[in-house]
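I am opening a fresh notebook page for this protein. My plan is to look things up one at a time and write down what I find.

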Amino acid sequence: MSSASRGETVVRAAFTVTGLITTLPVLALVNASMLAMNYGVSDPDPMVLALLQHRGVLQLLLGAALIWAAFSPPIRLATALGAILAKSFFLGLILSNATARPDLSPLSIVFDLSCIVVLAAVTVREVVTRRARPVAHTAA
């Protein structure tokens with residue numbers, strides 16, 4: 001297996017694994033008790049429940065985009081940057097709020113930080129790969 005094909009396999013695996021795990025909050029749609037495990041929220045009022053379930057749907061969409069990007073190189077850069085931005089904002093909101101921090105699962109923090117690092121590395125690889133490709137010039 002060549003270095004390029006190994007690299008492609010690693011990139012596909014990174015997008016697929018981060019995508020699959022990112023989709024998991026959607027389970028709160030069918031089992032609200034998942035909110036206690038993921039966010040430390042038990043017996044939320046109806047608005048909080050709706051907002052967290054909506055977040056689950058958004059996470060499902062982000063996860064699906066990451067999985068799609070695993071097999072569609074043209075969308076990788078935009079998808080990785082979108083995921084990095086979303087996960088960074090989430091961590092920034094939670095970690096800057098001392099009263100919210102204790103309720104968040106440490107696993108969520110580690111996962112999101114890991115995703116940011118992995119997707120940043122993939123982003124750098126994508127940019128370097130795109131710059132290394134010869135540009136096709138077409139006659140006007």
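**Entry 1: a first crossing.** Which handedness does the crossing of α1 and α3 have? I looked it up, and the crossing of α1 and α3 is left-handed. One caution before I go on: the model is predicted.

I then checked the geometry of this pair. The axes of α1 and α3 come within 7 Å. They cross at roughly 165°. Angles over 145 degrees count as roughly antiparallel, so α1 and α3 are roughly antiparallel to each other.

**Entry 2: the overall picture.** I stepped back to look at the whole chain. I counted five helices and zero strands. From the N terminus on, the order reads α-α-α-α-α. The C-alpha trace spans about 60 × 35 × 25 Å along its principal axes. The protein has 140 residues, and 34% of them count as buried.

**Entry 3: α1 against α4.** Next I turned to α1 and helix α4, which covers residues 76-95. At what angle do α1 and α4 pack? I noted about 40°, with the axes 13 Å apart. That angle falls outside the ranges for parallel, antiparallel and perpendicular, so α1 and α4 are oblique to each other. I also noted the hand: α1 passes α4 in a left-handed crossing.

**Entry 4: salt bridges.** How many salt bridges does the count come to? The count comes to five salt bridges. I started with E8.

The side chains of E8 and R12 meet in a salt bridge, at 3.1 Å from N to O. E8 and R12 are four residues apart in helix α1, so about one helical turn separates them. I checked the cover on R12 as well. R12 is partly exposed, because its relative accessible area is 34%.

E8 also forms a salt bridge with R76. The closest N and O atoms of E8 and R76 are 2.5 Å apart. This pair links distant parts of the chain, with E8 in helix α1 and R76 in helix α4, 68 residues apart. Is R76 buried or exposed? R76 is buried, since its relative accessible area is 1% and the cut-off for buried is under 20%.

I then moved to another pair. R125 and E126 meet through their side chains in a salt bridge, at 3.8 Å from N to O. E126 has a relative accessible area of 4%, so E126 is buried. R125 has 29% relative accessibility, so R125 counts as partly exposed. Which residues do the shared partners join into one network? I wrote down E8, R12, R76, R125 and E126.

**Entry 5: a nonpolar patch.** I went over the surface next. A nonpolar patch there is formed by V17, L20, I21, L24, L27, L29, V30, V57, L58 and L61. Together these residues have about 870 Å² of accessible area. Which helices each supply at least two residues of the patch? They are α1 (3-22) and α3 (46-70). I picked I21 as an example from helix α1. I21 counts as partly exposed because its relative accessibility is 36%.

**Entry 6: two phenylalanines.** I looked up F89 and found its place in helix α4. F89 counts as exposed, because its relative accessibility is 54% and the cut-off for exposed is over 50%. How far apart in space are F89 and L24? Their C-alpha atoms are 19 Å apart, and their positions lie 65 residues apart in sequence.

F71 came next. F71 lies in the loop between α3 and α4. At 53% relative accessibility, F71 counts as exposed. I also took the distance from F71 to L29: their C-alpha atoms are separated by 28 Å. Along the chain, F71 and L29 are 42 residues apart.

**Entry 7: a backbone oddity.** My last check was the backbone. Most residues other than glycine have a negative phi. D43 is not a glycine, yet D43 has a positive phi of about 50°. Where is D43 found? D43 is in the loop between α2 (34-39) and α3. D43 is exposed, since its relative accessible area is 76%.

How values were computed. Residues numbered from 1 in each chain as written. Predicted model: local features only at pLDDT ≥ 70, side-chain atom pairs only at ≥ 80, totals over all residues. Heavy atoms only, no water. Patch = residues over 30% accessible without salt bridge, like charges linked within 9 Å, V, L, I, M, F, W, Y side chains within 5 Å. Areas by Shrake-Rupley, 256 points an atom, 1.4 Å probe, with all protein chains shown as cover. Salt bridge = Lys/Arg side-chain N within 4 Å of Asp/Glu carboxyl O. Buried < 20%, exposed > 50% of the residue type's maximum accessible area, 1.4 Å probe, protein only. Axes fitted to C-alpha atoms, helices over the stretch in contact; angles between N-to-C directions. Parallel < 35°, antiparallel > 145°, perpendicular 65-115°, else oblique. Left-handed = near helix turned anticlockwise from the far one by under 90°.
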